Amino acid sequence: ASAMLDVRMLFSALVDADFIETEAHFQGDASGKNRYRPSGPTLDADACLKVLKQHIIQVAKQSGASDLVNALRQDLLAACLDAADLPPGLFTLTAPTGAGKTISMLAFALKHALCHQMRRIITVIPYLTIIEQTARVYREALAAMLEPGTAGPFILEHHSLAGTRGRADDRAEDEADLEDESRRRVKLLAENWDAPIIITTSVQFFESLFANRPAACRKLHRLAGSVILFDEVQTLPASLAVPTLATLSRLAERYGATVVFSTATQPAFDHLNTAVKQFCADGWQPREIVPDRLELFKRVKRTRAKWPKSGEAWSWPELADRILNCGSDQVLCIVNIKRHAWNLLDVLEEKGAAGLHHLSTNMCPAHREVMLENVRQRLTEEEPCLLISTQCVEAGVDVDFSIVFRALGPLEAVAQAAGRCNRNGLLDTGWVHVFRPEEEVYPDAAYRQATSVTSILLKNADEAGLDIADPAVFNEYYRELYNIARPDLQKRELIEDIKIQDFESVARKYRLIAQDAVNVLVPYDLEVYDRLADEVRQNGLSRGWIEQARPFSISLFRPGHEAPIWSYLEPVPVGRGRSAEDWFIYLNKEHYDRCLRGLVVPAAQEFLIA
């Protein structure tokens, strides 16, 4: 992994220089003089840090959180600023949900960059559902540093919803002429990450780190001398942990980068240190930013978990009754799969539940955002609010319920669910009721395996169950999980390809999302749906169309050839009689429930789990 990263970094610098020189040549004037694109802005870490500190003071004055939570956030911020003086390298940041990790990590990165003359900050987030939230926090915090009305090119978002993926000059000439020049510049800077602050997805970052194509690799040399922040790092698949950790360790060791792994449920990746050393001499031995003396988890024990008894399982009617009679009309219930969410919704609707809401990735981003805004408004105005959700609500979504029900799952998922309970510490105690559904079905084998480890620990625990506020419990959980899952022995073909430095095969086999997915334009907003469908049928697929369609699309695993869902999917044309392989228009408008469920396909529900 180390040797391959060294080659990729050299390749990146050469490819980027070649792209820029070629571009400058063709943009040159009649005399033959090259005309180079303007460089991106530089990171003024000192000015940014001053602006951020002023923003933090203003936010603290307006905070609706309890004094305990506000004190916790201040202590976390102070710990991050203190740790920023340490030499560049590998760090972890382990703090409870609601402790202000997003802002505190940014403060660490800015001061660290100031102390060590680092060039940029890169924030890596696993889910599109929370990437916009993080970008909004950054824009508000650094508003004084930004051009009026825009965050780019100072804060560069590089993900599928930002409209910055791909080369800006690949689009049709007539479309390029209509594009605003400032947006074109942002897209150019996204090609090689020539910006001071970059927000991107885990898929974009990690798969580029193991890529072999020029377009994907040309930004990698920008990682040198950068502060790289990973949020919700518990989502990194265990099967890819060893080569990923080795590559990140090499970034820190050889290229002066600083890597921060942040989460409330820190994976015990240090147990993989020996395996990582096979690919990078420094192994994986990060420093924790938060000192033990702060005891953040003990101080902010805002929730208590009530665990199921041995052999106890609830039917959906039983669960619905417990939710409706739990003593609060503001309740969040999280289940493991979408079909379970729909089953529970059916029962609650029959029982006339008030304030019923739903959240899953069967709803397009625009629909989810509207649903979350409705939920937050009801919570603020103390109106009845019952939210039934899949795991998409657990990572980084800022909602605060007094009671949470959570289907038994991986321990980190239970803890993340607890992070949506009594988040602002306004109650003495928030309750998290963990339950076993009668039908124990899980999204995939890894999820099932992690749930079994939770069950093992629960069986061996005392009557009180597992303390999800105790980092030592998670250390034991991950140690047991790694003993069973053996991440060092997974992906053997990928590991062997890394050893022989087969770049093409490694790029093909390193996938954060294992199953092939397709994008589907869905009829949520019918006016937008009709306009986009007509436009793409007439003009074919373009980056501009994709940018507009993303908020109104969902992803689903590619169905088998005989799956009935194909009768509802119209391939999007790309011109010359060809169709896109990964973009479709959903044809039956009646299958999209704009109130609660999103897309519900008769007899094809098994495919809607991406």
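**Assignments and the values behind them**

User: What makes β12 and β13 count as a pair of strands?

Analyst: In this predicted model, β12 and β13 are joined in the parallel sense by five bridges. Pairing requires at least two bridges, so the five between β12 and β13 satisfy the criterion. One position of this pairing sets R406 opposite V434 in β13.

User: How do you know that β9 and β12 pair as well?

Analyst: The same test applies. Four bridges link β9 and β12, in the parallel sense, and the threshold is at least two. L332 has V404 of β12 as its bridge partner.

User: Why is β12 called largely enclosed?

Analyst: Five of the five residues of β12 are buried, so the rest of the structure largely encloses this strand. A residue is buried when its relative accessible area is under 20%. I403, F405 and A407 point one way from β12, V404 and R406 point the other way, and all are buried.

User: What distinguishes the two faces of β8?

Analyst: In a regular strand, side chains alternate between the two faces of the sheet. In β8 (residues 303-306), T303 and A305 point to one face and are buried, whereas R304 and K306 point to the other and are not buried. Four bridges pair β8 with β13 in the parallel sense, and K306 stands opposite H433 in β13.

User: How do you know where the buried residues of α13 lie around the helix axis?

Analyst: The buried residues of α13 (residues 316-324) are W316, L319, A320 and I323. They span an arc of only 100° around the axis, which places them on the same side of α13. In an α-helix there are 3.6 residues a turn, so residues three or four places apart point the same way. The elements that cover the buried residues of α13 include β9 (330-334), α14 (338-350), β11 (385-389), β12 (403-407) and β13 (430-435).

User: Why are β3 and β7 called edge strands?

Analyst: Seven strands form an open sheet, with parallel pairing, in the order β3-β4-β2-β5-β6-β1-β7. β3 (155-158) and β7 (287-288) each pair on one side only, and they are the edge strands. Within this order, β1 (residues 90-94) and β6 (residues 258-263) run parallel and are joined by five bridges; L93 stands opposite S262 in β6. Helix α8 (residues 202-209) lies across β2 (120-125), β3, β4 and β5 (226-231), and its direction is at about 90° to β4.

User: What makes the pairing of β16 with β17 antiparallel or parallel, and in which sheet does it occur?

Analyst: Strands of a sheet pair through backbone hydrogen bonds, either parallel or antiparallel. Five bridges join β16 to β17 (residues 578-586), and these strands run antiparallel. L569 stands opposite Y586 in β17. Helix α21 (residues 526-539) packs on the sheet and touches β14 (517-521), β16 and β17, its direction making about 165° with that of β17. The sheet is open, has four strands in the order β15-β14-β17-β16, and its pairing is mixed. Its edge strands are β15 (553-557) and β16 (569-575), each of which pairs on one side only. Direction ignored, neighbouring strands of this sheet are turned by 45° against each other on average.

User: Is W193 buried or exposed, and what is notable about its phi?

Analyst: The relative accessible area of W193 is 1%. The limit for a buried residue is under 20%, so W193 is buried. Its phi is positive, about 50°, although W193 is not a glycine. W193 is placed in the loop between α7 (181-192) and β4 (197-201).

User: Why is Q501 assigned to its accessibility class?

Analyst: Q501 has 35% relative accessibility. Buried means under 20% and exposed over 50%; Q501 falls in between and therefore counts as partly exposed. Q501, which is not a glycine, also has a positive phi, of about 55°. Q501 lies in the loop between α19 (492-499) and α20 (503-509).

User: What makes the chain as compact as a globular protein of its length?

Analyst: The chain contains 22 helices and 19 strands. Its radius of gyration is 24 Å, close to the 25 Å given by the globule rule for 610 residues, so the chain is as compact as a globular protein of that length. Of the 610 residues, 56% count as buried. Among contacts between residues at least 6 apart in sequence, 79% join residues at least 24 apart.

Notes:
Residues numbered from 1 in each chain as written. Predicted model: local features only at pLDDT ≥ 70, side-chain atom pairs only at ≥ 80, totals over all residues. Heavy atoms only, no water. Buried < 20%, exposed > 50% of the residue type's maximum accessible area, 1.4 Å probe, protein only. Arc of directions from axis to C-beta. Contact = heavy atoms within 4.5 Å. Rg over C-alpha atoms; globule rule 2.2 N^0.38 Å. Axes fitted to C-alpha atoms, helices over the stretch in contact; angles between N-to-C directions.
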